[in-house]
Amino acid sequence: MHPAFSVIFFTTLSGAGYGLLAMVAALALQGDASARVLVVLLLLALALVTVGLLSSLGHLGKPLRAWRAVSQWRTSWLSREGLAALLTYLPAIGLGVALLPGALDGTGAGRIALGMPGAVAAVLAIAGAVLTVICTAMIYASLPPVPAWRHRLVVPGYLVFALLTGAALGAGGVAIAGALPPAGVRATAALVALAAVAAMALKRTYWRAIDASPLAQTRGDAIGLPGRSASVFERPHTQANYLTREMGYVVARRHGARLRQVATWLFGVLPLAMGLVALVLPAAAPVVLAAAAMSALAGAVVERWLFFAQARHLVTLYY
């Protein structure tokens, strides 16, 4: 399929934002980080989420009518995602309110005392972030006409990349600001390294699976006549149209293989190496973890482009 950059940026930025939000909430519950730094990271997470959600409007024919999408939550994963995203703002803001006193009264560098309301907001923020990312993934995983998206690893893949990019951003932020003790910095570096390993393993398995499973359906399946043979009396179109441009996009095999290698190095190998460096040399953590965050985000963009570009729609069997 033709990759729409608005959707690529939407899924990448919002995923990173929700991953960062979950990490901020977890650090707040732990209580060892600086309240000031967590507030800044929380604002960054909400900014990424908001920019990502707004960028998704760029692929709509009539963006001003996007608000109507949330009315179909009973049957549409896109509507459920919209509702989950809106509801997640509430505990995220509540967490920010709970952190704000410690950030403003001079104790921001000390331990955090969230209290019961703040702790509940943190837990709900983590749950909301996870639920929203799942809903985003299910928009694609629920589409039978695109077999590559129906794979069981699509939803875990979205969650792993949200964790990887969010953890890398959070680890880089707290390391640069000196917001955690050395043990905490090592723990965040280890999380980045583990997430990078998980992302590499998951994507290799996913890519191998879709390469080994070409479209097995027939033309009859493509036009809604499963189990029946359909012949083409005449060509379905005389010139390029929306379906051939959007659904019939094909990436050359050699380009796809090369981009997979680039993506793996960016989101996997480099963040893993940088996370290990931060574990061994905590003094280098601010630089290497910040670089790991940038590398992971760039790799996620390439991976997400491939996710759309290498997916084939059943309608191509007819066209």
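1. Which residues does Glu303 touch, not counting residues up to four places away in sequence? Here they are: Phe161, Lys203, Ala263 and Phe267. Glu303 itself is found in helix H10, which covers residues 285–309. With a relative accessibility of 3%, under the 20% cut-off, Glu303 counts as buried. Before going further, keep in mind that what you're looking at is a predicted model.

2. Now step back to the whole chain. It comes to 11 helices and 0 strands. Reading along the sequence, you just get α-α-α-α-α-α-α-α-α-α-α. There are 319 residues in the protein chain, and 47% of them count as buried. Take the contacts in the chain with a separation of 6 or more: 83% of those are between residues 24 or more positions apart.

3. What does UniProt list for this chain as "transmembrane region"? The record, an unreviewed entry, gives residues 7–29, 35–61, 82–104, 116–141, 153–177, 183–202, 262–281 and 287–307. Let's check two of those spans against the model. Residues 82–104 are 100% helix and 0% strand, and the C-alpha atoms at the two ends lie 33 Å apart. Residues 262–281 come out at 95% helix and 0% strand, with 27 Å between the end C-alpha atoms.

4. Next, a helix pair to find on screen: H1 (residues 5–30) and H4 (residues 115–141). Their axes are 9 Å apart, and the helices pack at an angle of about 155 degrees. Angles over 145 degrees count as roughly antiparallel, so H1 is roughly antiparallel to H4. The crossing of H1 past H4 is left-handed.

5. Which residues make that contact? On the H1 side you'll find Val7, Phe10, Thr11, Tyr18, Leu21, Ala22, Ala25, Ala26 and Leu29. They meet Ala119, Ala122, Val123, Ala125, Ile126, Ala129, Thr132, Val133, Thr136 and Tyr140 in H4. Sorted by class, this contact of H1 with H4 has 16 nonpolar residues, 3 polar ones and no charged ones.

6. Here's a second pair: H5 (residues 154–177) and H6. The axes of H5 and H6 come within 9 Å and cross at roughly 150 degrees. H5 and H6 are therefore roughly antiparallel to each other. Their crossing is left-handed.

7. On the H5 side, the residues in this contact are Val154, Pro156, Gly157, Val160, Phe161, Leu163, Leu164, Ala167, Ala168 and Ala171. Their partners in H6 are Thr188, Leu191, Val192, Ala195, Ala196, Ala198, Ala199, Leu202, Lys203 and Tyr206. By class, the contact of H5 with H6 has 17 nonpolar, 2 polar and 1 charged residues. Two names should ring a bell: Phe161 and Lys203 are among the residues that Glu303 touches.

8. Thr188 deserves its own look. It is found in helix H6, residues 182–212. Is Thr188 buried or exposed? Thr188 counts as buried, because its relative accessibility is 5% and the cut-off for buried is under 20%. Leaving aside neighbours within four places in sequence, Thr188 is in contact with Met23, Ala171, Leu180 and Leu289. Of those, Ala171 is named in the H5 side of the contact with H6.

9. Now for two residues in helix H2 (residues 35–55): Leu43 and Leu44. Leu43 has a relative accessible area of 56%, so it is exposed. Leu44, at 37% relative accessibility, counts as partly exposed. How far apart in space are Leu43 and Leu21, C-alpha to C-alpha? The distance is 9.0 Å, and in sequence the two are 22 residues apart. For Leu44 and Gly170, the C-alpha atoms are separated by 9.8 Å, with their positions 126 residues apart along the chain.

10. Last stop: Gly102, whose place is in helix H3, residues 77–104. Its relative accessible area is 19%, and since buried means under 20%, Gly102 is buried. Gly102 and Ser34 are 68 residues apart along the chain, while their C-alpha atoms are separated by 8.5 Å. Gly102 also belongs to the span of residues 82–104 that UniProt lists as "transmembrane region".

Terms used:
Residues numbered from 1 in each chain as written. Predicted model: local features only at pLDDT ≥ 70, side-chain atom pairs only at ≥ 80, totals over all residues. Heavy atoms only, no water. Axes fitted to C-alpha atoms, helices over the stretch in contact; angles between N-to-C directions. Helix = DSSP H or I, 4+ residues; strand = E, 2+ residues; numbered from the N terminus. Parallel < 35°, antiparallel > 145°, perpendicular 65-115°, else oblique. Left-handed = near helix turned anticlockwise from the far one by under 90°. Contact = heavy atoms within 4.5 Å. Nonpolar A, V, L, I, M, F, W, Y, C, P; charged D, E, K, R; others polar. Buried < 20%, exposed > 50% of the residue type's maximum accessible area, 1.4 Å probe, protein only. UniProt positions renumbered as here; feature names shortened; annotations may be inferred.
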